[in-house]
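Here are some exercises to work through with the structure open beside you. Try each task before reading its solution.

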Amino acid sequence: MTGRMMSRFGPWSAYAFALEFDPKCDPVYFSLNPKRSTQVPRLFKDVVAAGERCFSIHVRTEDHIQRAQFYGGLKHRLLKGLPTGCAVLNMSAFLPNVRDSVVGGYFIKDASNSAATEILLGEMLCNDPVHVCTYLCGHEGSQWSQHQWSRTEDGQVEASEMYSLRPMEKPEVHPSTLNIINSDVFYSFDDAYAVLKQCGDIIPESKAVLDLVDQRLECKEETAFPVIVIEGLDASGKTTLTESLKEVLGATLLTSPPQCLSPWRARFDAEPPLIRRAFYALGNYLTAGLMGHEARRAPVIVDRYWHSTAAYAIATAVGGTVGNLPQAGSEVYAWPGDLPTPNLVLLLHLNPQERVRRLQVRGQDKTVEEEQLEANSVFRQKVEVVYQRIRGPACVTVDASPSADQVLRQVRLLIRDKCHS
Ligand SMILES: Nc1ncnc2c1ncn2[C@@H]1O[C@H](COP(=O)(O)OP(=O)(O)O)[C@@H](O)[C@H]1O
Ligand SMILES: Nc1ccn([C@H]2C[C@H](O)[C@@H](COP(=O)(O)OP(=O)(O)O)O2)c(=O)n1
């Protein structure tokens with residue numbers, strides 16, 4: 001395998017690369033040039049020290065389940081197997097502005113002086129679906145070159161193809177947004193279902209989930225009562241408000257994912273995004289069936305639904321700052337055409353200080369993503385911006401900082417106004 005053809009998108013040399021030396025800053029972008037060039041500005045100045053050796057590893061398989069699983073475990077394998085003195089940085093290969101073209105990978109900066117790095121990467125090249133490259137620096141740090149590894153006929157590893165690195169302008173859209181559709185967010189039941197179906201052999205629990213999904217209720221007739229979804233970050237007051245609404249409206253309370261998926265949630269939370277997000281997407285369709293059924297006899301209040309599924313998925317997938325999110329109006333913020341819409345979606349908004357205070361008062365277990373929300377204010381901002389960009393239906397923002405009684409009063413007025421209920 002020479003590595004010459006990379007994917008359905010064409011040869012390796014057509015790819016651009018985004019290398020994250022510092023997650024808070026823009027990546028360093030470069031492309032490949034088959035010819036050696038003399039007039040190249042310094043590319044990795046101040047980020048690669050003299051004497052450090054550099055490598056990259058990218059996932060090379062067209063099977064999207066295998067790709068997701070392998071990439072999901074790759075960083076851990078590298079951190080475990082590489083010698084002390086190595087740093088593992090995010091690095092993606094992509095075709096600028098081409099949807100679904102991103103190939104995930106890592107850049108390894110190695111200050112170890114140990115042969116263990118080459119041994120590990122050589123073994124991975126032989127046994128796993130990966131591209132491996134070495135990076136060499138020419139005269140006075142001006143010209144970097146990439147040397148792609150390949151296997152010789154007698155099973156040895158050699159660095160054969162060589163390209164010069166050419167610095168590149170920041171692309172119009174951040175590369176991390178290119179693969180969102182059908183890898184992080186699913187816009188139809190069939191697309192999410194297909195992912196869990198293909199996982200049947202590697203994740204036996206998928207079968208139990210699909211059995212439940214196959215038996216889901218479907219309600220096509222008009223319902224007599226409104227369906228109101230309550231969204232917001234953890235500790236914004238959703239449980240408090242939904243319990244009160246249940247009381248005062250005599251409503252049925254539902255959640256997404258629904259109770260029946262609880263036994264499998266932790267299992268799917270541990271899977272890579274492709275599989276995890278497909279699980280949550282199917283949870284929405286199950287809840288949708290219950291919504292239609294229950295809204296024939298009483299108002300329905302739903303704790304989280306599609307807005308949460310899309311917002312957490314997009315905020316996690318998009319690297320760096322809020323500015324890297326797809327623009328408002330992008331197709332990634334569209335509602336799935338086959339997912340029933342509620343009558344009203346309310347987003348509880350809370351300032352970060354009050355949210356942290358409430359989290360401390362409550363002090364219970366959180367999902368990893370919820371822990372990340374606390375640790376990472378950029379991630380929290382991205383979730384909130386995505387909540388507000390989703391359309392069809394868009395959410396109505398409610399100030400959740402007043403007392404629980406005042407929030408309830410405000411929400412009842414909104415429900416009366418928008419749902420005549
Ligand atoms: N309006 C409010 N004012 C003050 N504290 C609140 C208010 N709403 C909820 N809380 C408290 O904040 C914490 C988080 O609320 P909760 O309803 O569990 O949020 P969520 O379901 O969104 O995670 C709980 O301890 C709750 O009692
Ligand atoms: N409909 C939903 C609900 C939750 N999620 C995901 C998004 C986050 O990772 C978690 C947040 O849910 P969690 O139950 O921890 O939040 P609350 O305790 O309800 O505040 O679940 C989802 O993707 N789709």
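## Exercise 1: Helices on the barrel

Helix 1 lies across strand 5, strand 6 (86-94) and strand 7 (105-110), and runs at about 15° to strand 7. Keep in mind throughout that this is a predicted model.

**Task.** Find out in which order the strands of the closed barrel run, and which strands helix 2 lies across.

**Solution.** Start with the barrel itself. Eight strands close it in the order 3-4-10-9-8-5-7-6, and the pairing is antiparallel. From one strand to the next, the twist averages 35°.

Next, pick one pair and look at it in detail. Strand 5 (residues 53-59) and strand 8 (residues 130-137) are antiparallel partners, joined over six bridges. A handy landmark here is Ser56, which stands opposite Cys133 in strand 8.

Finally, add helix 2 (residues 116-127). Helix 2 lies across strand 5, strand 6, strand 7, strand 8, strand 9 (144-151) and strand 10 (157-167). Its direction makes an angle of about 145° with strand 8.

## Exercise 2: The open sheet

**Task.** Work out which strands are the edge strands of the open sheet, and which helix lies across strand 11, strand 12, strand 13 and strand 14.

**Solution.** First, write down the strand order: the five strands of this open sheet follow 12-13-11-14-15, with parallel pairing. The edges are strand 12 (252-255) and strand 15 (396-399), each of which pairs on one side only. On average, neighbouring strands in this sheet are turned by 25° against each other, direction ignored.

Now follow one edge inwards. Strand 12 and strand 13 (residues 300-303) run parallel and are joined by four bridges. In this pair, Thr252 stands opposite Val300 in strand 13.

Then place the helix. Helix 5 (residues 238-249) lies across strand 11 (227-232), strand 12, strand 13 and strand 14 (344-349), and runs at about 170° to strand 13.

## Exercise 3: Two domains

**Task.** Describe how the chain is divided into domains, and which element gives the most to the side of domain 1 that touches domain 2.

**Solution.** Begin with the bounds: the domain assignment gives domain 1 as 5-177 and domain 2 as 189-419. Their C-alpha centres lie 37 Å apart. Twelve residues from domain 1 and twelve residues from domain 2 take part in the contact.

On the side of domain 1, helix 1 (residues 64-81) gives the most, with six residues. Sorted by class, that side has four nonpolar, seven polar and one charged residues.

## Exercise 4: Around the ligand

**Task.** Identify which residues come nearest to ligand 1 and which helices each supply at least two residues of its shell.

**Solution.** Take the residues first. There are 14 residues around ligand 1, and Gly237, Lys238, Thr239, Thr240 and Arg358 come nearest.

Next, ask where the shell comes from. Helix 5, helix 9 (352-362) and helix 12 (404-419) each supply at least two of its residues. As for chemistry, the shell divides into four nonpolar, six polar and four charged residues.

## Exercise 5: Unusual backbone geometry

**Task.** Locate the cis peptide bonds at Pro257 and Pro393, and the positive phi of Ala235.

**Solution.** Recall the background: most residues other than glycine have a negative phi, and most peptide bonds are trans.

Look first at the bond from Ser256 to Pro257, which is cis with omega near 0°. Pro257 sits in the loop between strand 12 and helix 6 (262-269). Then go to Gly392 and Pro393, which are joined by a cis peptide bond with omega of about 10°. Pro393 belongs to the loop between helix 11 (377-389) and strand 15.

Last comes Ala235, whose phi is near 75°. Ala235 lies in the loop between strand 11 and helix 5.

## Exercise 6: Confidence

**Task.** State how the predictor scores the chain and the complex.

**Solution.** For the chain, pLDDT averages 91, and 93% of the residues score at least 70. For the complex, the predictor gives an ipTM of 0.95 and a pTM of 0.93.

Notes. Residues numbered from 1 in each chain as written. Chains lettered and ligands numbered in written order. Predicted model: local features only at pLDDT ≥ 70, side-chain atom pairs only at ≥ 80, totals over all residues. Pairing = 2+ DSSP bridges. Axes fitted to C-alpha atoms, helices over the stretch in contact; angles between N-to-C directions. Contact = placed C-beta atoms within 7 Å. Domains from an automatic or database assignment. Nonpolar A, V, L, I, M, F, W, Y, C, P; charged D, E, K, R; others polar. Near = placed C-beta within 6 Å. pLDDT = per-residue confidence, 0-100.
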